[in-house]
Amino acid sequence: MNAYGSIAKPLDDSADAARERDSADQLRSVLAASRGQSIGLVSADGDRADVTLNPAMTDLLLNVLRIFSSGDAVVLMPLGKQLTTQQAADILNVSRPYFIKLLESGALPFDKVGRHRRMKFEDVLAYKNHRDDERSRALDDLAEIGGDIY
């Protein structure tokens, strides 16, 4: 990715990965214990700085560290980021041609930059959440119907 987002690969089962997960757990414990208080940080060149994180930043970091310490990948991306059709299709776990059909049907808003379609990350997430909610409701309906049969 570029300066607007970063991807961390999932951790493997190596000793280095285990140390990284342990470090993430330690940092998560420190952040959780010092919620709302100043934390002393020391840079590589020895400079010390006291930092107080607001609750939203603390929650974000705690969630990232929780995911990271479990060995899963983490993706950070600003909501206003413009995505390519391939990036958006990857987020939705669909093919690029299928995603383009979704765009052309009006399911998601997009802009054209020259010949290329671009959509906002938050619009893709909103579509994904809506789609997932519809799927969940459909499964609940099927489960209810299945219960009526027996």
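A polar contact is a pair of N or O atoms within 3.5 Å. One such pair caps a helix in this predicted model: a side-chain oxygen of Ser-95 lies 3.1 Å from the backbone nitrogen of Tyr-98, at the N-terminal end of helix H4. The points below start with H4 and go on to the cores, the strands and the salt bridges.

**Helix H4 and its surroundings**

- Helix H4 spans residues 96–104, and its buried residues are Phe-99, Ile-100, Leu-102 and Leu-103.
- These four cover an arc of only 155 degrees around the axis, so they sit on the same side of H4.
- Pro-97 and Lys-101, on the other side of H4, are exposed.
- After H4 comes Gly-106, which has a positive phi near 90 degrees.
- Before H4, the loop that connects it to helix H3 (85–92) contains Asn-93.
- Asn-93 is not a glycine, yet its phi is positive, at about 60 degrees.
- Most residues other than glycine have a negative phi.
- Asn-93 has a relative accessible area of 71% and is exposed.

**Nonpolar cores**

- The largest nonpolar core has 14 residues, and those touching the most other members are Leu-83, Ala-88, Leu-92, Phe-99, Leu-108, Met-119 and Val-124.
- At least two residues of this core come from each of H3, H4 and helix H5 (121–149).
- Beyond its neighbours within four places in sequence, Phe-99 contacts Thr-85, Ala-88, Ala-89, Leu-92, Val-94, Leu-108 and Met-119.
- A second core, separate from this one, has 8 residues, among them Leu-31, Ile-39, Phe-68 and Val-74.

**Strands**

- Three strands form an open sheet in the order S5-S7-S6, with antiparallel pairing.
- Strands S5 (82–83) and S6 (111–113) are the edges; each has a single partner strand, so one side of each lacks a neighbour in the sheet.
- The antiparallel pairing of S6 with strand S7 (residues 116–120) runs over 3 bridges, and Asp-111 has Arg-118 in S7 as its bridge partner.
- Strand S2 (residues 38–42) is paired with strand S3 (residues 48–52) in the antiparallel sense over 5 bridges.
- One of the bridge partners in S3 is Asp-50, which is matched with Gly-40.
- The hairpin of S2 and S3 has 5 residues between its strands, and Gly-46 in this hairpin has a positive phi near 95 degrees.

**A buried threonine in helix H2**

- Thr-58 belongs to helix H2 (residues 55–69) and is buried, with a relative accessible area of 2%.
- Leaving out residues up to four places away in sequence, Thr-58 touches Leu-31, Arg-35 and Leu-53.

**Salt bridges**

- The whole structure contains 6 salt bridges.
- In the pair Asp-59 and Arg-35, the closest N and O atoms are 2.7 Å apart.
- Asp-59 is in H2 and Arg-35 is in the loop between H1 and S2, so this salt bridge ties together parts 24 residues apart in sequence.
- Both count as partly exposed, Asp-59 at 35% relative accessibility and Arg-35 at 43%.
- Arg-28 and Asp-25 form a salt bridge with closest N and O atoms 2.9 Å apart.
- This pair lies within helix H1 (residues 15–33), and its two residues are 3 residues apart, about one turn of the helix.
- Arg-131 and Asp-132 form a salt bridge with closest N and O atoms 3.5 Å apart, and a network of salt bridges links these two with Lys-128.
- Arg-131 is buried, with a relative accessible area of 13%, whereas Asp-132 is partly exposed at 28%.

Methods. Residues numbered from 1 in each chain as written. Predicted model: local features only at pLDDT ≥ 70, side-chain atom pairs only at ≥ 80, totals over all residues. Heavy atoms only, no water. Buried < 20%, exposed > 50% of the residue type's maximum accessible area, 1.4 Å probe, protein only. Arc of directions from axis to C-beta. Polar contact = N/O pair within 3.5 Å; in protein donor to acceptor, adjacent residues only side chain to side chain. Pairing = 2+ DSSP bridges. Core = buried A, V, L, I, M, F, W, Y, C linked by side-chain atoms within 4.5 Å. Contact = heavy atoms within 4.5 Å. Salt bridge = Lys/Arg side-chain N within 4 Å of Asp/Glu carboxyl O.
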